[in-house]
Each structure stands twice: as structure tokens, then as C-alpha cells.
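Welcome, and thanks for opening the viewer. Please load the structure below and keep the selection tool at hand; we will go from stop to stop together.

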Amino acid sequence: MQNAGLQAAGIDGLYIPWRVKAAGLPTAFEALRGMENFGGANVTLPHKEQAVSLVDELSSEAASVGAVNTIVSRGGHLFGANTDGQGFLRSLQEEAGFVPRGQQAVILGAGGAARAVAWSLGEAGISVLLILNRTVERAESLADLVSRATGVSAVGLGPDDPRVPERVAACGLLVNATSLGLSPSDPPAIDPVLLRPGMLVYDLIYRPRETTLLLEAKKRGCQVVGGLGMLLYQGALAFELWTGQKPSEEAMRTALIQALA
Ligand code: NDP
């Protein structure tokens, strides 16, 4: 996707995958500082949170979310940003026409992606946020963080809490930000009986294109969106940070769809 964007823009550059062990991350960042032809990078699972302490400067969004997914090198000075939340919001608005202001939403999960989604929804004026996570303490601490950072009314619960059915029923948006669904044999990330017609169900997972959750949600008359748009838009924003120009999103989308097929 990024190489297609570089090629379409006529930029003599290359985007390559690096697999880095957690213990080797500080060394990898030091190596990036020393490279004269390094423009920037993405950081992905499971390093986004550790990257916060390894860059030289943070965007306000990366600092609030507590995770970095994009690094920009300015002469060896590493600037850490986070484009996941903005990518998610753009996908939500363009692909589903969903306007968060004044709405209630539920997020499944409390990891790096859930943090970016929660923060962006809080910033976009969502009125009430429910965070459900297997590890309840992480749901509670994310709810606390997002309500302090954005002023949204947020609550974190475990998936089996008796308050869940009534609270989920009040939500117009449900977002799956867990890794449940990556395997076709995974159960849906929430009991499908809690989904109601008209609800927008957004799954951050982009492979498979339709997770078990989305299939169940469709059967129940929900509007459904998968994570491909978010992946594209967070990447397009990163491209803009590295190069100072907007990429050809068409070229990137085509490459992405081919790569995921
Ligand atoms: P993390 O590892 O940081 O978080 C994983 C989350 O999933 C945690 O909340 C974890 O709960 C929960 N979880 C994992 N396994 C289970 C299970 N068996 N049952 C219930 N809950 C489970 O990952 P990320 O937040 O970085 O990514 C989450 C998902 O979002 C991934 O599928 C990733 O592919 C997708 N993603 C998509 C993007 C896009 O652009 N479309 C961008 C970023 C991520 P617990 O806290 O209890 O461990």
C-alpha cells in the first residue's frame, strides 16, 4: 500500500517490513536515528505503547492515547504520532455516514487500537462510551483515561457484567477492537443477541474482510463496516506526515485490496 503510494507520487523511496523483538526495540530506534536516508516508519503490534518512550517528541494525540503508530524522522530527531484514531473516524464518517456527536457507543477491547478509537470518539463528541474487556481492570483504566482526557462519560466493564445488555441496547455504534475474529473459527466478540437492528457494527479487523461478528450483525439487520478503510486512511495520514503531500488513495486502496486478497 505504501509502496504504491510512493510510486504514484514519483518518490524514490521504499517501505519495508522489519520484525523487531521487544527487547531489541531501543536498538532499532537508535539505528533509525543514525540513518541519513530514513524518512519515517510505522510501528505496529505489539510495540505501539513501548515506542512512546523511545521517540524524541510526541504529537499531542500520541501522548494522550499512549501509543505511537507513525514515526517521522527530522534529521535523526524522531517524532512519534498516532494516525489510528483519525483513520478510524474518517472511515466511520465516509463509509457509514456516522456522526459521533451526541451518540452512545460501545468499544470491545482495551488494547492499543481500542485506546485510539476511544480517544477519537471522545474528541468527536460522543456522549457516552461503554468499554467492555476480558480484563476488567484494563477496561476501567481506559474509561478513566478517556473521560479525563476528553470529558466524555465513560464506563469500563467486564463482558459478563449484568449491566451490559441494557447499556449495549442504548448504543448506536458498536466497535470491535479486540483480536477476536482474526481467525474464522473465533466466536463473535460479543453475544449476537445483544445486537439490535439499525445499530452500526464496526470491526477493526480487515482480514478476513467479514468476521463472524459482522456476519451475525448483518443477519440481525445491523449496518456493518470492516477495518479496511481505517487501515487505508491511517496509512494515508502517515504518508502525508512523511512526505508533506497527499498520496493517491486510489493507488493505495488497489494495492491494499490486492495484498489482502
Ligand atoms: P492488543 O493486543 O493491544 O489488544 C487486544 C485486545 O483484544 C485486548 O483488549 C484483549 O483483551 C482482547 N482479546 C484478545 N484475545 C481475546 C479473547 N480470546 N477474548 C476476548 N478478548 C480478547 O491489540 P490491538 O489493540 O493493537 O489490535 C486489536 C485489533 O485491532 C487487532 O485485530 C488488529 O488487527 C486490529 N487493528 C486494526 C487496525 C486497522 O487499521 N483496521 C489498526 C489497529 C489494529 P485483554 O486486555 O483481556 O488481553
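Which residues of helix α8 (residues 212-219) are buried? Select the helix and colour L213, L214, E216 and A217, since these are the ones. Before going on, please keep in mind that this is a predicted model.

**Stop 1: down the axis of α8**

Turn the view until you look along the helix. The buried residues of α8 fall within an arc of 165°, so they line one face of the helix. A general rule helps here: an α-helix has 3.6 residues a turn, so residues three or four places apart point the same way.

What do these buried residues pack against? Add β8 (173-176), β9 (200-203) and β10 (223-225) to your selection, and you have the partners. The helix lies across these three strands, β8, β9 and β10, and runs at about 165° to β9. Now step just past the helix to G221, which follows α8 and has a positive phi, near 80°.

**Stop 2: the sheet**

Next, show the strands. You will find an open sheet of 6 strands, in the order β7-β6-β5-β8-β9-β10, with parallel pairing. At its edges stand β7 (153-157) and β10, each with a single partner strand, so one side of each is left without a neighbour in the sheet. On average, neighbouring strands here are turned by 15° against each other, direction ignored. As for what holds such an arrangement together, strands of a sheet pair through backbone hydrogen bonds, either parallel or antiparallel.

**Stop 3: strand β8**

Zoom in on β8. Are the residues on its two faces buried or exposed? They are buried on both: L173 and V175 cover one side, while L174 and N176 cover the other.

Now look at the strands paired with β8. Strand β5 (residues 104-108) runs parallel to β8 and is joined to it by 4 bridges. To see two pairs of bridge partners, select I107 with V175, then L108 with N176. With β9, β8 also pairs in the parallel sense, over 4 bridges. Here, select L173 and find L200 of β9 standing opposite.

**Stop 4: A177, in the loop after the strand**

Move on to A177, in the loop between β8 and β9. With a relative accessible area of 14%, A177 is buried, because the cut-off for that word is under 20%. Which residues does A177 touch, leaving aside its neighbours within four places in sequence? Select I107, L108, G109, A113, A114 and L204 to see them. You can also draw a distance from the C-alpha atom of A177 to that of A189: the two are 12 residues apart along the chain and separated by 9.1 Å.

**Stop 5: the ligand**

Select the ligand now. How many residues surround it? There are 22, and the closest are A113, N133, T135, R138 and L204. Three polar atoms are worth a visit:

- R134 has a polar side-chain atom 2.9 Å from an oxygen atom of the ligand.
- L204 has a polar backbone atom 2.9 Å from a nitrogen atom of the ligand.
- G227 has a polar backbone atom 3.0 Å from a nitrogen atom of the ligand.

**Stop 6: S59**

For the last stop, select S59, in the loop between β2 (57-58) and α3 (60-65). At 14% relative accessibility, S59 counts as buried. Not counting residues up to four places away in sequence, S59 touches F79, G80, A81 and N82.

Notes
Residues numbered from 1 in each chain as written. Predicted model: local features only at pLDDT ≥ 70, side-chain atom pairs only at ≥ 80, totals over all residues. Heavy atoms only, no water. Buried < 20%, exposed > 50% of the residue type's maximum accessible area, 1.4 Å probe, protein only. Arc of directions from axis to C-beta. Contact = heavy atoms within 4.5 Å. Pairing = 2+ DSSP bridges. Axes fitted to C-alpha atoms, helices over the stretch in contact; angles between N-to-C directions. Near = heavy atom within 4 Å. Polar contact = N/O pair within 3.5 Å; in protein donor to acceptor, adjacent residues only side chain to side chain.
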